[in-house]
Amino acid sequence: MSKILQRTLRLIGALAIVLALAAGTLAGREWLEDHPQHNPWAPLDLRHERGWATQGKIDALIGDTAACRTVLTQSEVSFTALEPVGEGACSRPDRMTLDDAGLQPQGAQITCPVAIGLSLWVEQDVQRLAREILGSEVTAIEHMGTYNCRRMYGASNGSWSEHATGNAIDIGGFRLADGRRIRLLSDWDGDHPEAQFLRAIRDAACDSFATVLSPDYNTAHADHFHLDQAQRMGGFAACR
């Protein structure tokens with residue numbers, strides 16, 4: 001085989017590889033455009049199903065109030081933005097209420113990332129699992145507070161709680177359309193449908209929040225879920 005022919009064959013082979021890579025890249029790009037929940041460059045839309053890129057997009061919103069509120073607006077989540085208040089460790093530059101989240105009592109003041117997590121969790125997990133396991137939908141989510149200017153566990157020193165800035169919410173129970181009321185304190189233990197529901201939504205919450213603490217964590221959380229959006233450190237998140 002002549003050197004010219006060998007060189008020609010090598011060029012043809014290299015061109016075939018380049019064309020195959022280009023075709024694969026184009027196909028991958030088209031697939032990502034059709035599946036924005038998996039596309040890290042597509043804007044987060046809370047109406048889309050969760051995908052590979054969803055958690056990274058949520059993390060990127062922590063600390064960027066303007067971008068976070070844009071996501072809520074574009075996802076058609078109704079909220080009321082409130083003026084910044086407070087100072088020091090308990091300052092709340094990011095403060096809002098969700099208008100249609102079913103939270104009781106009403107008027108819970110939370111940060112935008114918490115609102116993002118709640119919207120995803122309630123619409124994609126809580127309601128779906130309530131229908132599948134309990135045969136009814138959730139009409140109200142009973143919370144035990146969001147903002148509390150204190151350190152963790154009310155200690156006199158140590159780390160400040162995420163509640164100090166309203167970046168957390170404690171949820172103690174749920175009311176269903178069929179009249180049932182489910183409470184963590186009384187329904188967590190056992191293998192009955194209510195317990196199955198509570199454990200399923202606890203596990204699902206870990207896809208929407210940076211920290212999820214339940215009765216399995218310690219006795220301080222025996223009657224509620226603690227959900228917060230603390231900044232992840234090296235990808236670390238608590239789900240217990």
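Me: Before anything else, what do the words buried, exposed and partly exposed stand for here?

Reply: A residue is buried when its relative accessible area is under 20%, exposed when that area is over 50%, and partly exposed in between. The structure above is a predicted model, and every value below is computed from it.

Me: Why is arginine 199 called partly exposed?

Reply: Arginine 199 has a relative accessibility of 26%, and partly exposed is the class between under 20% and over 50%, so arginine 199 counts as partly exposed.

Me: What makes arginine 199 and aspartate 216 a salt bridge?

Reply: The closest N and O atoms of arginine 199 and aspartate 216 are 3.1 Å apart, and the cut-off is within 4 Å, so the pair counts as a salt bridge. The pair links distant parts of the chain, with arginine 199 in helix α6 and aspartate 216 in the loop between β7 and β8, 17 residues apart. Aspartate 216, at 43% relative accessibility, is partly exposed because its value falls between the limits of 20% and 50%.

Me: How do you know that arginine 180 and glutamate 194 form a salt bridge, and are these residues buried or partly exposed?

Reply: Their closest N and O atoms are 3.5 Å apart, which is within 4 Å, so arginine 180 and glutamate 194 meet the rule for a salt bridge. Arginine 180, at 27%, is partly exposed because its value lies between 20% and 50%, whereas glutamate 194, at 19%, is buried because its value is under 20%. In the chain, arginine 180 sits in the loop between β5 and β6, and glutamate 194 in helix α6, 14 residues apart.

Me: How many salt bridges does the rule give, and which residues are linked in a network?

Reply: The count comes to 14 salt bridges, and a network of salt bridges links Arg50, Asp125, Arg128 and Glu132.

Me: Turning to the rings, why is the pair of tryptophan 121 and phenylalanine 174 called edge-to-face?

Reply: The ring centres of tryptophan 121 and phenylalanine 174 are 6.3 Å apart, which is within 6.5 Å, so the rings pair; their planes stand at 65 degrees, and angles over 60 count as edge-to-face, so the pair takes that name. The two rings come from distant parts of the chain, tryptophan 121 in helix α4 and phenylalanine 174 in strand β5, 53 residues apart.

Me: How do you know that tryptophan 121 and phenylalanine 174 are buried?

Reply: Tryptophan 121 has a relative accessible area of 0%, and phenylalanine 174 has 0%; each value is under 20%, so both residues are buried.

Me: What makes phenylalanine 174 and phenylalanine 197 an edge-to-face pair?

Reply: Their centres lie 5.7 Å apart, which is within 6.5 Å, and their planes are 80 degrees apart, which is over 60, so the pair counts as edge-to-face. Phenylalanine 197 belongs to helix α6, 23 residues from phenylalanine 174, and phenylalanine 197 is buried too. Ring pairs link Trp121, Phe174, Phe197 and Phe209 into a cluster.

Me: Which residues touch the most other members of the largest nonpolar core, and which element supplies its largest share?

Reply: Of the 45 residues in this core, Ile116, Leu118, Trp121, Phe174 and Phe197 touch the most other members, and the largest share, 12 residues, comes from α4.

How values were computed: Residues are numbered from 1 along each chain as its sequence is written. This is a predicted model: local features need pLDDT of at least 70, side-chain atom pairs count only at pLDDT 80 or more; totals for chains, interfaces and linings use all residues. Side-chain values use heavy atoms; hydrogens and water are left out. Rings of Phe, Tyr and Trp (its six-membered ring) pair if their centres lie within 6.5 Å; planes under 30 degrees apart count as stacked, over 60 as edge-to-face and the rest as tilted. Helices (H or I, at least four residues) and strands (E, at least two) are DSSP runs, numbered from the N terminus. Buried means under 20% relative accessible area, exposed over 50%, partly exposed in between (1.4 Å probe, protein chains only). A nonpolar core is a set of buried Ala, Val, Leu, Ile, Met, Phe, Trp, Tyr and Cys residues joined through side-chain atoms within 4.5 Å. A salt bridge is a side-chain nitrogen of Lys or Arg within 4 Å of a carboxyl oxygen of Asp or Glu.
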